[in-house]
Each structure stands twice: as C-alpha cells, then as structure tokens.
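This report goes through a single model, residue by residue and then around its ligand. The sequence and structure come first.

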Amino acid sequence: MSSAHNRVAVLHGVNFDVLERRDPAIYGGHSLSELERQISGFARERGLETIFFQTNSEGEFAEYLHRAPELADAIVINAGAWTHYSRAIADALELTGLPAVEVHLSDVEARQDWRRDSVFDGLVVEKISGKGAAGYADALDTLARRLGVGDG
Ligand code: DQA
C-alpha cells in the first residue's frame, strides 16, 4: 500500500503525552492514544494510512521531520506551544516539501493573543482549530484530496 501515496504522518509536539491531564474544558479530557485511535479510524474511512509520532523534545521533533519524506506522503501537525515560536520547527517542516495541515484541538484564535501567531503561516495547506478531534478528520479530507486518494 505504501506505493499508493496515501501515508500521513500525524505529529504531536510538546505536552501531548499528558493530554488527559490538560484542562478538559479546553482539550476534551482524552488521552493521546485515544485521540490517535480516533484519527486512525478517520484515516481508514478515507483510504489513508497513518503513522504517529509525539515528543517533548524540539530537536527530536525536527529530526523526525528530517526523516518524514521517507516515511510519509503528507503531514498533519499539532506542534502545541512550539507552533507559536519555534522557527526551527517551521524550517524543518518546510524542508520536508510535503503537503501539511496544521491542527489545534482548541480555538487558538479565541484564547490569549500569543496563540494567534503561528510559525507555520504560509507553509501549510490549511490551519484548523477549535474543532477538537473532528479537526483531524477535516485535515485528512484536505490531504486525501491533495493526494488524490478516495472520492475527494
Ligand atoms: C494546541 C494549542 C496550543 O496553543 C497549545 O500550546 C497546545 C495545544 C491545541 O491543540 O489546541 O499545546 O496546539
């Protein structure tokens, strides 16, 4: 199946390993593995394969992005707080040359001002925020269309 150009790397950054401990009113109260299970289901329904990665280390996140073109055809990225200041992660994402969608569980436009800034502006196909897990389904729709997978 990997020759089908249907592989999506779903990347989570800092503090997503403890997602179930973060404010449930903002983040939904589920764990990262529960979220990843949901995302796998969304992907299967769309004829996509997913691989998942999470780290709290900015350097490891950049190194994973360096390898991403060998592992995946597209990227869903939720870099957490790095979104708002890490030019290093933005440069590493650009280097992949892969189509990417930025997702946030919470509505980053409606919270503190600093969350409105994203280092991925101009690099991603789309930015989705405030839809919880459903935002990942929308991101996969966009990437399926981009990759020419399924009916999209
Ligand atoms: C987040 C939003 C970021 O502002 C925050 O730092 C996170 C999570 C989200 O999914 O809503 O860690 O990316």
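Thr 83 touches Glu 102, His 104, Asp 117, Ser 118, Val 119 and Phe 120, with residues up to four places away in sequence not counted. The model in which these contacts are found is a predicted one. Thr 83 belongs to the loop between β3 (74-78) and α4 (87-96). Its relative accessibility is 0%, so Thr 83 counts as buried, given that the cut-off for buried is under 20% relative accessible area. The side chain of Thr 83 also reaches back to the backbone oxygen of Gly 80, at 2.6 Å.

**Ligand surroundings**

Gly 80 and His 104, both named above, recur around the ligand. The full set of surrounding residues is Phe 16, Arg 22, Tyr 27, Asn 78, Gly 80, Ala 81, His 84, His 104, Leu 105, Ser 106, Val 108 and Arg 115. For three of these residues, a distance to an oxygen atom of the ligand is tabulated below.

| Residue | Atom on the protein side | Distance to a ligand oxygen atom |
|---|---|---|
| Ala 81 | backbone N or O | 3.1 Å |
| His 104 | side-chain N or O | 2.8 Å |
| Arg 115 | polar side-chain atom | 2.8 Å |

On its own, the ligand has 320 Å² of accessible area, and the protein covers 99% of that area.

Arg 22, another of the residues around the ligand, is placed over two rings. Its charged end sits over the ring of Tyr 27, 4.4 Å from the centre of that ring. Arg 22 also lies over the face of Phe 16, where the distance from the ring centre is 5.7 Å. Phe 16 and Tyr 27 are themselves listed among the residues that surround the ligand.

**Aromatic pairs**

How many aromatic pairs does the structure hold? There are two. One of them joins Phe 53 and Tyr 64, whose ring centres are 4.1 Å apart with 10° between the planes, and this pair is stacked. Phe 53 is part of strand β2 (residues 49-54) and Tyr 64 is part of helix α3 (residues 58-71), so the pair ties together parts that are eleven residues apart in sequence. Both Phe 53 and Tyr 64 are buried.

**Helix positions**

Leu 65 is also found in helix α3. Its relative accessible area is 1%, which means that Leu 65 is buried. Apart from neighbours within four places in sequence, Leu 65 is in contact with Leu 11, Ile 75, Ile 89, Ala 92, Leu 93 and Thr 96. For one of these partners, Leu 93, a C-alpha distance is available: the two C-alpha atoms are separated by 6.2 Å, although Leu 65 and Leu 93 are 28 residues apart along the chain.

Ala 144 lies in helix α5 (residues 134-147). With a relative accessibility of 5%, Ala 144 counts as buried. Beyond residues up to four places away in sequence, Ala 144 touches Leu 48 and Val 149. From Ala 144 to Val 8 the C-alpha to C-alpha distance is 9.3 Å, and the two residues are 136 residues apart in sequence.

**Loop positions**

Which residues does Ser 31 touch, not counting those up to four places away in sequence? They are Leu 19 and Glu 20. Ser 31 is located in the loop between α1 (24-27) and α2 (32-45). Its relative accessible area is 14%, and Ser 31 is therefore buried.

Asn 15 occupies the loop between β1 (7-12) and α1. Although Asn 15 is not a glycine, its phi is positive, at about 80°. Is Asn 15 buried, partly exposed or exposed? At a relative accessibility of 36%, Asn 15 counts as partly exposed.

Ala 110 is placed in the loop between β4 (100-104) and β5 (126-129). Its relative accessibility is 57%, so Ala 110 counts as exposed, the cut-off for exposed being over 50%. Ala 110 and Gly 135 are 25 residues apart in sequence, and their C-alpha atoms are 16 Å apart in space.

Conventions: Residues numbered from 1 in each chain as written. Predicted model: local features only at pLDDT ≥ 70, side-chain atom pairs only at ≥ 80, totals over all residues. Heavy atoms only, no water. Phe/Tyr/Trp six-rings, centres within 6.5 Å; stacked < 30°, edge-to-face > 60°. Helix = DSSP H or I, 4+ residues; strand = E, 2+ residues; numbered from the N terminus. Buried < 20%, exposed > 50% of the residue type's maximum accessible area, 1.4 Å probe, protein only. Lys NZ or Arg CZ within 6 Å of the ring centre and 35° of its normal. Near = heavy atom within 4 Å. Polar contact = N/O pair within 3.5 Å; in protein donor to acceptor, adjacent residues only side chain to side chain. Areas by Shrake-Rupley, 256 points an atom, 1.4 Å probe, with all protein chains shown as cover. Contact = heavy atoms within 4.5 Å.
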